[in-house]
Amino acid sequence: MLPTPTRDPAAVKGVMFGLTAYTMWGCFPLFFALFEGVPAFEILIHRIIWACLFLVGLITLLRRWPPVVTALGEPKRLGRVLACALLIGFNWGIYIYAVESKQVLQASLGYFLTPLVNVALGMLVLREVMAKLQLVALGLASVAIATQFVMLGELPWISLMLALSFGSYGLFRKQVPLDGLSGLFVETLLLFPLALIALAWLSWNGASHFIQNTSTTSLLIASGALTALPLMAFAGAARRLRLATLGFLMYINPSIQFLIALTVFGEPLGIIQLATFVLIWIGLALYSWSAWQSRPRYAAAS
């Protein structure tokens, strides 16, 4: 009689962490939509400032200062971290703008595109050899974007900027020997002086919404914690799950955004846009299948 397979407690906990992280990221449009009348640039400034301050407390609580001190003590290596910081800051800004301008469908499309952009960057920059199905997936994504450009006369620039910035961020982040929490803190720390200068400029010109009312002030402060919390959950998932499993969970984020755009914000989905999504979904299915087929296989225990 065959033994009943037992669940791996670490894997179950990893899935829960992953679901938490990607669900929180997927629901971000609901949060950023609450900032009525506050420009995306100002929200970005406060997101950087309060995320940095929140992470100071968190890293102190978790006693995670050694890797941070080591990273800051090697200025020559901070160039890549600064590149990561600028890319993630740009990505945050574009995303907030997409929500404020009621273009969450484009944001969703951008994050659906990101895995395929990662494949393209791996091939072009790292000279990685791509499987045939991955090349087909890239081709379908290219056809989807070209179709939208030809039929609608415009590129989905928000989608492309989100995918390219986050894909490039991942490329640089691979070369930085820092865990997710420490890396995010160093990145926000490098952006912190720029954010303070920008906040001072807004205040000097009377354009700041901070301390204008309790609701807006609370939301701006909360944006910092909400930046760090899903990343902590993601780090917990990454330590416990295979990369292939994380890859499948990743689609939860843009899927939730897609549903929110249609059901909550009532964004229109035309035939051409739907065709774009369908082509990219097919490409993602092929990419996921290829990734699953190439996963490491372990021999059964005797």
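Guide: Rings of Phe, Tyr and Trp (its six-membered ring) pair if their centres lie within 6.5 Å; planes under 30 degrees apart count as stacked, over 60 as edge-to-face, and the rest as tilted. This is a predicted model, where local features need pLDDT of at least 70 and side-chain atom pairs pLDDT 80 or more, while totals for chains, interfaces and linings use all residues. Residues are numbered from 1 along each chain as its sequence is written, and side-chain values use heavy atoms, without hydrogens or water.

Visitor: Which residues do ring pairs link into a cluster?

Guide: Phe-28, Phe-31, Phe-32, Phe-35, Tyr-95, Tyr-111, Phe-166 and Tyr-169. The structure holds 19 aromatic pairs.

Visitor: Why is the pair of Tyr-111 and Phe-166 called edge-to-face?

Guide: Their ring centres are 6.1 Å apart and their planes stand at 80°, so the pair earns that name. Tyr-111 lies in helix α6 and Phe-166 in helix α8, so the contact ties together parts 55 residues apart in sequence.

Visitor: What makes Tyr-111 buried?

Guide: Buried means under 20% relative accessible area, exposed over 50%, partly exposed in between (1.4 Å probe, protein chains only). Tyr-111 has 12%, so it counts as buried, whereas Phe-166, at 33%, counts as partly exposed.

Visitor: And why is the pair of Phe-112 and Trp-281 edge-to-face?

Guide: The centres are 6.0 Å apart and the planes at 80°, so that label fits here too. Phe-112 belongs to helix α6 and Trp-281 to helix α13 (residues 271-293), so this pair joins parts 169 residues apart in sequence. Phe-112 is buried at 5%; Trp-281, at 30%, is partly exposed.

Notes: Helices (H or I, at least four residues) and strands (E, at least two) are DSSP runs, numbered from the N terminus.
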